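Work through the exercises below with the model open. Try each task before you read its solution.

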Amino acid sequence: MCVRGLEDAQEACLATQTPDVIVQFQSQTHAYRCVLLHQSGAFFPEGCGVEAEEVGPRTDHAGPCLVLLKGVTLPRADFEAWLRDSVMEWAVMRVYWIKQRCADRQDALPLDWVLQPAAFTHVLDVVETAAGVAYSMSPCPRLFRTTAWTRPRLEGPLCKATSKLAEALAWVKHAPRGGVAIDLGASPGGWSTLLASSMHHVISIDPADMAPEALALPNLTHIKSRVETALPQIEAALAAAGAGGGADLLVSDMNKHPSAMIGMVEPLLAYLKPGGHLLLTLKFFSRSRDKAWDPTNCPQLAGFRGVQVVWLLANTAHERTCVAIKC
Ligand SMILES: C[S@@+](CC[C@H](N)C(=O)[O-])C[C@H]1O[C@@H](n2cnc3c(N)ncnc32)[C@H](O)[C@@H]1O
């Protein structure tokens, strides 16, 4: 679509009006999770909209994968720069800036728009909301992503599971840095490698082998054992790392249902410092959006505050992540 002389007007309009932004995700559940994350205030900086809602005809698992962020005040360049650096970048397909509204479907596009499809220069985005039809025009280079191609969430051979921990740490506003982390179910070592980049020492527990690049890290100790039989070695490793007072972070990616996970982790909760963070990947048996397990009724977590089960973008349909802080 060719549009002459409109770019300046579009920019001026964006600078003076509060636009709505529509973010398109790879899946409908990612759109749903984005709404939950927006409500939690976890990732989104100031100005990313007063409210987020899924839009379009949809079921729990299928639909147009769109989230409407209402009243975005962050300048477009700042919003896009934030999104490109954020932990949700890999899940986002497109971003549409909607700033002009027709009263209804019959309203014409502005008369000065010259619509001559001689070359692909702009994209006209149109959306029908309860308030009527809204549209905006974007020059092609401003499209967020133009194909279904996505790059790896994080670079490197141990990347896939690592994005889950990266997102969980971003979700926890003041994640510990510089102390000691215990990583349960650590093989092949994606989480441990990420933790080793910000923590003083990482104690990795798994009966399976760790990847050579993880084992080579000078601040990582691998205890090649099941968690259930590793307590004396964990205690010794904490003492050797100078963490007599306990660990700052206890994480587990052992692929267990919460009922099993909590029992396995319970003996280790004593090794977590007050103020230390607990991050657990939980596996469930169904793909439903709502999960029955309530962590606030879990006696093992009675000594914790801020106990929440979050559906991170990097979790699968069956997974959730439990976060908690020791009192
Ligand atoms: C999904 S993988 C963990 C991936 C890891 N987070 C990473 O980033 O490389 C799950 C791991 O949990 C380990 N695991 C399962 N049960 C365990 C137990 N009882 N004690 C220790 N590790 C266990 C398995 O051996 C497996 O390596």
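## Exercise 1: Ala241

Ala241 is partly exposed, because 19 other C-beta atoms lie within 10 Å. The scale has three steps: buried means 20 or more other C-beta atoms within 10 Å of a residue's own, exposed means 12 or fewer, and partly exposed is in between, with C-beta atoms placed from the backbone.

Two ground rules apply. This is a predicted model, where local features need pLDDT of at least 70, side-chain atom pairs count only at pLDDT 80 or more, and totals for chains, interfaces and linings use all residues. Residues are numbered from 1 along each chain as its sequence is written.

**Task.** Locate Ala241 and find which residues it touches, not counting those up to four places away in sequence.

**Solution.**
1. Find the loop between helix H7 (231–240) and strand S11; Ala241 sits there. Helices (H or I, at least four residues) and strands (E, at least two) are DSSP runs, numbered from the N terminus.
2. List the contacts: Val180 and His201. Contact means C-beta atoms, placed from the backbone, within 7 Å.
3. Check His200. Its C-alpha atom is 8.4 Å from that of Ala241, and the two are 41 residues apart along the chain.

## Exercise 2: the sheet and H2

**Task.** Give the strand order of the open sheet of 4 strands, then place helix H2 against the sheet.

**Solution.**
1. The order is S2-S3-S1-S4, with antiparallel pairing. Strands pair if DSSP finds at least two bridges between them.
2. S2 and S4 (92–98) are the edge strands, each pairing on one side only.
3. From one strand to the next, the twist averages 25°.
4. S1 and S4 are joined by 6 bridges. In one of these pairs, Val21 partners Trp97 of S4.
5. H2 packs on the sheet and touches S1, S2 and S3. Its direction makes about 165° with that of S2. Axes are lines fitted to C-alpha atoms, for helices over the stretch in contact; angles run from 0 to 180 degrees between N-to-C directions.
6. Buried residues of H2 include Tyr32, Cys34 and Leu37.
7. Just past H2, Gly41 has a positive phi of about 70°.

## Exercise 3: the ligand shell

**Task.** Which residues come nearest to the ligand, and which elements each supply at least two residues of its shell?

**Solution.**
1. Of 21 residues around the ligand, the nearest are Ala161, Gly185, Ser187, Gly190 and Asp253. A residue counts if its C-beta atom, placed from the backbone, lies within 6 Å.
2. The elements are H4 (159–171), H5 (190–196) and S11 (247–256).
3. S11 gives the largest share, 3 residues.

Conventions
Two residues are in contact if their C-beta atoms, placed from the backbone, lie within 7 Å.
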